[in-house]
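Here is a short briefing on one protein chain. Keep the structure open while reading.

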Amino acid sequence: MKYAMKKNYLEEICGFKGKVVLVTGATGQLGQEICKAYERAGARVIGTDKVLAPSMIIKSSSVKYLEMDITNLSSIKSTFAGAMRKYKRIDILVNNAGVSTFEPFEERPEKSFDWVMDVNLKGTFFCIQTYINLLKAAKKRGCVVNIASIYGNISSDFRIYTDCPRKNSEVYGATKAGIIQMSKYFGVHAAQFGIRVNCISPGGIFNPRNPQGKDFIKNYSFRCPMGRMAEAREMTGAVLFLSSDSASYITGQNLLIDGGMSCW
């Protein structure tokens, strides 16, 4: 009996059964893990991405995928509106879609700079704007979790990229810092509509499908107090927590999940 009472209490404050979650960038490494986490927690998941890679699609009746280009406002509005018509609610929005560019900053072309800005910052803004407008019209409450980065909080250390051509860019860090600030802004301005907005800042995540260079992994791990890179699944607990009822009095916050890297 005691176990049953505890289980019911946890379901009450952390449960996602019956909730609808929309995740952008759903077929990327982190996006896939976020979709899996919500699906396993009992939610209905709408995974969106510009290209729906079959190998990254979760085969589950609880997960549906829609093509959406977050650099296109019409695409965002039609996708969100269609999801709202079908499910009558979107309880949680996870703005995970993001890109970077890797040329040396001395050679950064305007096209690359604009692309990262359009996806990471403008795309995130228009997803939030569209979501808030939909929920206001439907008189429903909701929650947003944005995915920023440790590099929106600190600068990347160029010394660790000895064998890795994918050097972190200034525009990536700037857009992720913008997402953190946007989370604070909407944490304030969306509260009146019953919408909470928070964000997480992941540290370096190891990619088993396309591993980073051996020296990079070694150097990054040496710089990190916990002595290793993160796994994508280690981000999902914070996403679930911030979008659960157990975080009902938390808004406008940024949670660093970086193994202590930002503490130096």
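**Briefing: an exposed loop residue, a one-sided helix and a ring cluster**

Gln192 is exposed, with a relative accessible area of 62%. The model is predicted. The chain has 7 helices and 7 strands.

**Gln192 and its loop**

- Gln192 sits in the loop that runs between α5 (170-189) and β6 (195-202).
- A polar atom of the Gln192 side chain lies 3.1 Å from the backbone oxygen of His189.
- Asp49 is 143 residues from Gln192 along the chain, and the two C-alpha atoms are separated by 30 Å.

**Overall fold**

- In sequence order, the elements read α-β-α-β-β-α-β-α-β-α-β-α-α-β.
- The C-alpha trace spans about 55 × 50 × 40 Å along its principal axes.
- A compact globule of 264 residues would have a radius of gyration near 18 Å. The protein chain has 18 Å, which agrees.
- Buried residues make up 48% of the 264 in the chain.
- Take the contacts between residues at least 6 apart in sequence: 72% of them join residues at least 24 apart.

**Helix α3**

- Helix α3 covers residues 73-87, which is 15 residues. At 1.5 Å a residue it should span 21 Å, and its end C-alpha atoms are 21 Å apart, so the two values agree.
- Which residues of α3 are buried? They are Ser75, Ile76, Thr79, Phe80, Ala83, Met84 and Tyr87.
- These buried residues cover an arc of only 155 degrees around the axis, which puts them on the same side of α3.
- The general rule behind such a pattern is that an α-helix has 3.6 residues a turn, so residues three or four places apart point the same way.
- Ser74 and Arg85 are exposed on the other side of α3.
- The cover over the buried residues of α3 includes four strands and a helix: β1 (20-24), β2 (44-49), β3 (63-67), β4 (92-95) and α4 (110-138).
- At the start of α3, Asn72 brings a side-chain oxygen to within 2.9 Å of the backbone nitrogen of Ser74.

**Positive phi at two lysines**

- Lys88 comes just after α3 and belongs to the loop between α3 and β4.
- Lys88 is not a glycine, yet its phi is positive, at about 70 degrees.
- Is Lys88 buried or exposed? Lys88 counts as exposed, at 56% relative accessibility.
- Lys139 is not a glycine either, and has a positive phi of about 55 degrees.
- The loop between α4 and β5 (142-147) holds Lys139.
- Lys139 counts as exposed, with 76% relative accessibility.

**Aromatic pairs**

- How many aromatic pairs does the structure hold? There are 6 aromatic pairs.
- In one of them, the rings of Tyr185 and Phe186 have their centres 5.1 Å apart and their planes at 85 degrees, so this pair is edge-to-face. The cut-off for that class is an angle over 60 degrees.
- Tyr185 is partly exposed, at a relative accessible area of 43%.
- Phe186 is buried, at a relative accessible area of 10%.
- Phe125, Phe126, Tyr185 and Phe186 form a cluster linked by ring pairs.

Technical notes
Residues are numbered from 1 along each chain as its sequence is written. This is a predicted model: local features need pLDDT of at least 70, side-chain atom pairs count only at pLDDT 80 or more; totals for chains, interfaces and linings use all residues. Side-chain values use heavy atoms; hydrogens and water are left out. The expected span of a helix is 1.5 Å times one less than its number of residues. Buried means under 20% relative accessible area, exposed over 50%, partly exposed in between (1.4 Å probe, protein chains only). The arc is that of the directions from the helix axis to the C-beta atoms. Contact means heavy atoms within 4.5 Å. A polar contact is a pair of N or O atoms within 3.5 Å; within protein, one must be able to donate a hydrogen and the other to accept it, and residues adjacent in sequence count only if both atoms are side-chain atoms. Rings of Phe, Tyr and Trp (its six-membered ring) pair if their centres lie within 6.5 Å; planes under 30 degrees apart count as stacked, over 60 as edge-to-face and the rest as tilted. The radius of gyration is taken over C-alpha atoms; the globule rule is 2.2 Å times the number of residues to the power 0.38.
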